[in-house]
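Work through the exercises below with the sequence and the model open side by side. Each task is followed by a solution that goes step by step.

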Amino acid sequence: MLAILDYKAGNQTSVRRALDHLGIDNRITNDPDLLASADGIIFPGVGAAGQAMDELSSGGLDEVLKSLIWQEKPLLGICVGCQILLDYCEENDTRTLAVIPGECRLFNPAWAEEDGTPIRVPHMGWNRVTLKKECALFNDIQSEAEFYFVHSYHPAPRAEFIIGETMYGENFCSVHGRTGLWAVQFHPEKSGAPGLKLLQNFHAYCLEAKDAQ
Amino acid sequence: MLSKRIIPCLDVRAGKLTKGVKFQGNVDIGDPVETARMYYEQGADEIVFYDITASSEGRGIFLDVVERVASQIFIPFSVGGGINSVADMRAVLVAGAEKVSVNSGAVKNPDIISEGAAAFGAQCVVLGMDVKRVEKSEQIPSGFEVVIHGGRKYTGMDAIEWAKTGEALGAGEICLNSIDADGTKDGYDLELTRKVTKSVRIPVIASGGAGNPQHMADAFTQGKASAALIASIVHYGEYTIRQLKEHIAGQGVPMRTIW
């Protein structure tokens with residue numbers, strides 16, 4: 001069973017619909033025991049980082065999450081859920097979970113597209129991910145596949161945690177983390193077949209990790 | 001590089017897909033859920049549903065359509081039509097839409113944009129604008145006026161100013177529809193599109209007038225639109241989305257071509 005973290009700043013139902021479609025057993029929950037018994041956790045998020053952190057910390061979920069991550073519970077952060085795994089986010093000047101070293105920055109409005117026009121913010125639409133290192137999430141996904149992004153702030157983790165990059169005026173980090181603790185800036189639940197495949201790959205990893213224990 | 005998006009627009013009336021010309025004479029042409037799934041499988045980058053039902057009973061049917069779509073297609077979709085309050089916005093977002101488009105509701109009460117952006121995030125709020133060409137005047141210096149009620153009512157607002165206001169209030173995107181071009185298949189209003197894309201830094205969807213893939217390529221290369229809305233050229237089977245994308249990609253426009 002995959003747990004989808006339930007807090008007010010999430011897009012839990014979109015993730016649930018995608019997992020249902022894939023036939024992956026899932027629960028939307030904020031119950032620490034259920035989170036601990038899950039094979040893996042999906043940490044979604046929409047909206048602003050500040051609000052998301054407030055929702056997490058007011059219910060003590062920030063500490064629950066951190067302790068599960070320490071216990072190597074597989075976790076996939078999506079969008080704002082990806083951003084707040086870092087130390088700090090410029091949005092609302094927010095101290096975030098500090099699970100992965102780095103920060104999250106507003107897109108630089110001086111960045112320009114190939115034809116010289118400045119980038120539009122939010123970065124909204126379909127874009128590619130260039131992997132900097134191997135990542136089980138992308139097993140059997142074509143390198144030309146595109147994913148759906150919608151965000152105004154982008155992750156900037158310490159270099160060794162960068163897994164994938166995306167070009168928008170300049171390259172920014174769109175996938176970061178380490179094996180078993182992954183964060184993706186795009187929305188796999190809204191990225192058609194490649195996104196569904198990525199969710200399937202995460203689930204497959206969770207089952208393998210459980211068997212290995 | 002960010003791909004330009006192709007977005008089929010489905011007008012829904014009482015749970016049925018319908019298509020009108022210049023907002024008149026709508027005919028039912030199919031099931032919106034089935035049609036949405038077909039476009040999803042054909043490579044649509046996003047889908048827009050526009051509720052043209054007036055009654056509250058029709059509203060319930062429409063929300064049911066949104067829910068069924070959300071469980072079957074895994075790309076973003078937005079919903080517009082009859083959105084006049086934050087509660088209306090919440091209803092369609094809870095039903096499964098990613099974005100919600102406000103149009104005449106925002107003309108009557110611009111604060112709905114900032115309230116929606118604060119409640120759900122700017123990425124959720126699309127400012128839909130219907131625009132008509134008029135004589136340039138002191139009030140309408142661009143010669144493009146915002147209209148509502150399907151183009152029947154002039155607002156006295158300059159389209160360029162309204163786009164900037166919408167951006168300042170927190171809209172995450174603008175869907176820019178030319179009433180003059182809508183249904184003509186003569187191409188998008190490129191002058192209007194370029195004027196708006198030059199005036200704001202949020203993405204702009206060009207809408208109204210697509211008759212062939214070249215029109216769409218022009219909206220991207222000349223109009224600098226981030227996305228192009230289409231309706232009849234795919235609803236009646238003239239082109240598949242793949243054919244449109246191949247043509248446009250052939251002109252060097254970034255397109256998502258595998259899915």
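**Exercise 1.** In this predicted model, find which residues Leu190(B) is in contact with, leaving aside its neighbours within four places in sequence, and decide whether Leu190(B) is buried or exposed.

*Solution.* Begin by placing the residue: Leu190(B) belongs to helix α7 of chain B. Once the neighbours within four places in sequence are set aside, its contacts are Asp218(B), Ala219(B), Gln222(B) and Gly223(B). A check on the distance along the chain is useful here, for Thr221(B) lies 31 residues away in sequence, while the two C-alpha atoms are separated by 9.9 Å. Finally, count the surroundings: a residue is buried if 20 or more other C-beta atoms lie within 10 Å of its own, and Leu190(B) has 20, so it counts as buried.

**Exercise 2.** Establish which residues of helix α7 of chain B are buried, how they are arranged about the helix axis, and what covers them.

*Solution.* In this helix, which spans residues 190–199, the buried residues are Leu190(B), Leu192(B), Thr193(B), Val196(B) and Thr197(B). Looking down the axis of α7(B), one finds these buried residues within an arc of 160°, and they therefore line one face of the helix. The cover over them includes the strands β7 (125–133), β8 (144–148), β10 (173–178) and β11 (204–207), together with the helices α6 (159–169) and α8 (213–221), of chain B.

**Exercise 3.** Classify Lys164(B) by its C-beta neighbours and name its contacts beyond four places in sequence.

*Solution.* Lys164(B) is found in helix α6 of chain B. Its count is 14 C-beta neighbours inside 10 Å, and it is therefore classed as partly exposed. With neighbours within four places in sequence left aside, Lys164(B) is in contact with Ser199(B) and Val200(B). As for Lys153(B), which is 11 residues away along the chain, its C-alpha atom is separated from that of Lys164(B) by 21 Å.

**Exercise 4.** Turn to chain A and work out which strands stand at the edges of the open sheet that contains β6, β5, β7 and β11.

*Solution.* The four strands follow the order β6-β5-β7-β11, and their pairing is mixed. Because β6 (94–95) and β11 (153–157) each have a single partner strand, they stand at the edges, and one side of each is left without a neighbour in the sheet. Strand β7 (residues 102–106) of chain A runs antiparallel to β11(A), joined to it by five bridges, and Leu106(A) stands opposite Tyr153(A) in β11(A).

How values were computed:
Residues numbered from 1 in each chain as written. Chains lettered and ligands numbered in written order. Predicted model: local features only at pLDDT ≥ 70, side-chain atom pairs only at ≥ 80, totals over all residues. Buried ≥ 20, exposed ≤ 12 C-beta atoms within 10 Å, placed from the backbone. Helix = DSSP H or I, 4+ residues; strand = E, 2+ residues; numbered from the N terminus. Arc of directions from axis to C-beta. Contact = placed C-beta atoms within 7 Å. Pairing = 2+ DSSP bridges.
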